[in-house]
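The exercises below are meant to be worked through with the sequence and the coordinates side by side. Each task sentence is followed by a solution that goes step by step.

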Amino acid sequence: MLTRQRTIILIIKYLIMSELLKLNQVNLTYQTGIDNIKVLKDIDLKTMKKETISFVGESGSGKTSLIMLIAGLEKVTSGQIFFRNQDITRLSEDEVSKIRRKNIGIIFQSFYLIPNYTAVENVALTLELNKFKDPQNEAKELLERFGLKHRLNNLPSQLSGGEQQRVAIARAIATKPELILADEPTGNLDSENSAMISEILFNYVKEEGSSLILVTHDEKLADKAQRKIEIKDGKID
Amino acid sequence: MEKLIKLNVLGLVIKYAFKDLSRNFKKIFSIIVTLFISLFILSSILTLEDSLKKELNDNAKALLGGDLEIDYNRSQGNLDLVNRVKDIATLSQMVEFSTMISTLDRPNNQSLFTRIKTIDEQYPLYGSVTYEPEDAFNRIHQEDNTILVNENIFKSLKLRVDEKIKVQDQVFTVAGMVKTVPDVSGFVAFGEFALTGKQTLDLIKLNIGSFLNYEYKVRFNDGDDIETLRKKIQDIFKDDQKVILRYPENSASGIKRIINNFSQFLSLVSISAMLIAGIGIANTLLSFINQNNMSISVRKAVGFFSGDIKIIYYLQLLILLTTITIASFALSFLFVPIANIYISKGLGLSIQPLFSVINLFKVFTVGLLVLIIFSIPTINAIDRVKASNLFRNVFQNLQFYYSKKSILFSIILLCLLIILFTIKSANPSYSLIYFGSFFTCLLVFFLLSRTIIFLLKKLKVNSNIPFKVSIKNITQTKSITPITIMSLGLGVTLLLTLAMVGTNFKREIGKSIPEIAPDYFFVGIQQNEKEAFVQKVLGMEKDINLEVVPIITSGVSKINGKDPKTFIKPSNDSYWVIRSERRSSWSDIAPKDNPIIEGNWWDLMRPNQLQISLDAKVARDFGIKIGDIFTLNIYGKEIDGEVINFRDVDYRDLSINFAMLFNPQFAKNIPHEYLATAKFKDVNQFNEINMIDSFPSISIIKIADYLTKVTAILNQVFVAVTLISAITIIIGLIVISSAIIVQGKIKEFQNLVFKILGFSKKEIIYSSIIEFLIMFMSVISIAMLFAAIGSYFIIENIFELNWLFDFKSLILLGFIIGLITLFLIITTNLKFLSPKVYPLIRNQ
């Protein structure tokens, strides 16, 4: 009896310990003039550590808004978001920045590299911010791993779309964050580059044990995730 | 205002500040130029002012001519008392007077009105006299009737050493040419002068017109206690009412006043440059931050705090400021030797650049205050940048952003800036008026922008597409119309004000002798010479306007029974009335060009009472009312006179003007001389040399010569004003460009969309021109009004010249500024008319 109880407690404890993210009745409403647009409605979601999830759905369904909330870049209208059991909706902008800096990497559809920084400098930015010992070398190693050895000191304008996205991924994962958020990471790329980016991303998550939440229209990419969640009219279907 | 960043992040922030600054150097080049020019102006002015004041302080004893000066004005003074000073210190006696010197035995002899200083062997007690040839200075002491004339007399009369010249009717030998004397604080600053031995006094006939002045310079023996000796000398003269004792700290008061007035103007110009530069910097910074909108979003997305990002920008400004302050301050040292060329000619001083840590700190502090005040609303806009923009691919243009805290902080900094510029300025009220005017202008232009937006929103737009687009651009939510109108308005106001100051100066310089001004002044006409003098002048030309007025000298001993010095500060414009004895006159009727503005002309029922007609400005400055009593010292006798009217006296018309006129019934019995003015129909009919031969003791002052000197000085001031204005105008243009660039960058994307939608380049240009015309036409009328008021204030109050409203020039200037600005807009827009599609679409 005691052993069974202990086992149940251990299982619950494990489940709590390995829970990375929890969204509780999250709502997001935008005010435009006199109209209120309900973008997300009563979202409940739990993700575990090392889990990969893809959000799919039509344009305007609220996928991107959802990962903006998870990243702490927008404030919820109501509800709670727990990241590692901490309610980030109650934190100040700077406190959320601190969590994001250490634990969350973001990849955008349009890459968004700083235009006057070289590839290495773009990647080293997050490493320096997290006080890594040798940011420049670590950034170089990472870029070399992504096949960009010959592009280390190039500015973003001198890189192709695929190369820019690889630099962007390197920047997002450089600090080995627990959670990677990717918004249409292959949306601006051709099929060949898309496949390469997809491979890099999933391989990395597997190797480093990070969680991945991605938003995509690409069914192939979405299918690679352990869980595929469809969002429709601001609700999880 | 900002959260203190943790020390461990500081290193990273500093590193990124340096990195970003080195990468963005070109984008903020206009900030660098604007900041450099404005700090250079400020540094140059501070360095120049300090160098001049140091020169005056270092040479205070030389400028005064001793450790102490005993001035008896027109009388020789109490020699018993003077001799008692000889027992405790070295004494040098000198007498100054003005008279005519003329060439001799030439086909066309020439003459000059000259101030002569008779000196003894002790002169100079401090400093040195430079002269040519080597023995010239000794000769004036050893040989009778020898004279050392200044360089200008020597050259303009084409004299040679040992040539004979006439001083009044006495023949003198030119011993040489004097180049500099140490005591320039007196007469020698602007006029012709000469040195002779003390025996000359016995040969020359002296009168009121000689502007005689007896002075005794005292040098204390080395090692003596200065304060004790000063006290002893004060005790010696304590009962002597006629003497004035002067000390080195009061020397060169005239030059100090000129320097203070000019410093005041320069200080206003430099703060204009700083404030205008501040606006330019705010605009450029806003444009720069808008360009970096995406980079800021990325930084926020990877976990930078908003405060850290702001500090990166503030640090970049601080690095720029520090570097530019040092560079501009160092370069200002090159400016002093250039200024010295003019100063040594005009004031007889030679200045060296003076390094002052306080000035360096002041330049840095002013720069820092201006930078922070104007960058707060721009850098605060970083708080409005959202990292979530990166998901939406939409970057809204940033606006100046104020929080309550930042407004309060800016006001405190602004007050500090005002205090820094106002405190210790020659005339703090001018500085305060200036700051008040500047911010009034700013407010008016802001209100104008809101009015334009309000009115255009009401306007029903026709089908003209470019017109529609331009109105939409002006009135859209978060439009930058207020920023553009404020920048454009202040820039144009500055340009017009300086241009109007320039044209007024030019007119004043170009203007010939005032119409009512006489051709000649004659001073020192004795009572027994009057008739003969009149006949002689009329004999040369009958059709002449000759005015002869009596003249006496008097000193103001008391006003309403009190010491006159308690009524006015020495720095006041009207202090000269009590500084020493003044010349006064009397007249049956009020002078035509001196209208009575308060009180009545003479009360004939009181012939035995001295009645005084006073210059209205003097009355104002002293706080005199009708009925007040002036106690005058006339030839040693104290006489009470009642002020019965005020006259509006304009000394600039160069006719006979007196601060005080007396009632003739009372004054005609006082021993007097005459002063005359003559205006000839044909000035060539007047034979100056013939007149000097007939009346050797009369001094003749040719107005044209006097005006030439004034014009030469005005020309030098004009060159300085034009140079400084030109530099400030460059800043004004940079500000206008920056306002355009802020718009231009925003329009770059808009133009791309228009291009894609099928707009022609012509239509885009039209819309830009219409937009500009709407804003410029509203700005120019108000700017003209402000410029007229501003230039009036500068010309009339600071330079004390006549201001004239020249509508034609103003319109022309406005038109030229409009054209230049339009040219700037079109060229800026042309750059944005063909945007590179690829980087814009790729968000680079």
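**Exercise 1. A nonpolar patch**

In which helix of chain B is Y342(B) found, and is Y342(B) buried, partly exposed or exposed?

Solution. The model is predicted, which should be kept in mind throughout. As a first step, locate the residue: Y342(B) belongs to helix α10 of chain B. Next, take its relative accessibility of 40%, which lies between the limits of 20% and 50%, so that Y342(B) counts as partly exposed. Then look at its surroundings on the surface, where Y342(B) joins I338(B), I341(B), V719(B) and L723(B) in a nonpolar patch of about 460 Å². Two elements of chain B, α10 (306-347) and α22 (703-757), each give two or more residues to this patch, and α10(B) supplies the largest share with three residues.

**Exercise 2. A salt bridge and the chains of its partners**

Determine where the partners of the salt bridge between E128(A) and K15(B) lie, and how far each of them is exposed.

Solution. Begin with the distance: the side chains of E128(A) and K15(B) come to 2.0 Å from N to O. Because E128(A) lies in helix α4 (residues 119-129) of chain A while K15(B) lies in helix α1 (residues 7-23) of chain B, the pair joins two chains. The accessibilities complete the description, since E128(A) is buried at a relative accessible area of 8%, whereas K15(B), at 36%, is partly exposed. Over all chains, the structure holds 30 salt bridges.

**Exercise 3. Salt bridges within one chain**

For the pairs E163(A) with R151(A) and D693(B) with K166(B), work out which parts of the chain are linked.

Solution. In the chain A pair, the closest N and O atoms of E163(A) and R151(A) are 3.1 Å apart. E163(A) sits in helix α6 (residues 161-173) of chain A and R151(A) in the loop between α5 (135-145) and α6, so this salt bridge ties together parts that are twelve residues apart in sequence. E163(A) is buried at 9% relative accessibility, while R151(A), with a relative accessible area of 24%, is partly exposed.

In the chain B pair, the closest N and O atoms of D693(B) and K166(B) are 2.5 Å apart. Here distant parts of the chain are linked, as D693(B) belongs to helix α21 (residues 688-694) and K166(B) to strand β6 (residues 164-167) of chain B, 527 residues apart. D693(B) counts as partly exposed at 43% relative accessibility, and K166(B) counts as buried at 14%. Elsewhere in the list of salt bridges, shared partners join E69(B), D71(B), E215(B), K217(B) and R246(B) into one network.

**Exercise 4. An aspartate after a strand**

Describe the setting of D237(A), which lies in the segment after β10 (235-236) of chain A.

Solution. With 66% relative accessibility, D237(A) counts as exposed. Setting aside neighbours within four places in sequence, D237(A) is in contact with E230(A) and K232(A). From D237(A) to G57(A) the C-alpha separation is 9.6 Å, although the two residues are 180 residues apart in sequence.

**Exercise 5. Confidence along chain B**

Which elements of chain B have the lowest and the highest mean pLDDT?

Solution. Start from the chain as a whole, for which the mean pLDDT is 82, with 88% of residues reaching 70 or more. Among the elements of chain B, helix α25 (residues 837-841) has the lowest mean pLDDT, 51, and helix α11 (residues 357-379) the highest, 92. Finally, consider residues 1-5 of chain B, over which pLDDT stays under 50 and for which the model has 13 contacts beyond four places in sequence.

Note on methods: Residues numbered from 1 in each chain as written. Chains lettered and ligands numbered in written order. Predicted model: local features only at pLDDT ≥ 70, side-chain atom pairs only at ≥ 80, totals over all residues. Heavy atoms only, no water. Patch = residues over 30% accessible without salt bridge, like charges linked within 9 Å, V, L, I, M, F, W, Y side chains within 5 Å. Areas by Shrake-Rupley, 256 points an atom, 1.4 Å probe, with all protein chains shown as cover. Salt bridge = Lys/Arg side-chain N within 4 Å of Asp/Glu carboxyl O. Helix = DSSP H or I, 4+ residues; strand = E, 2+ residues; numbered from the N terminus. Buried < 20%, exposed > 50% of the residue type's maximum accessible area, 1.4 Å probe, protein only. pLDDT = per-residue confidence, 0-100. Contact = heavy atoms within 4.5 Å.
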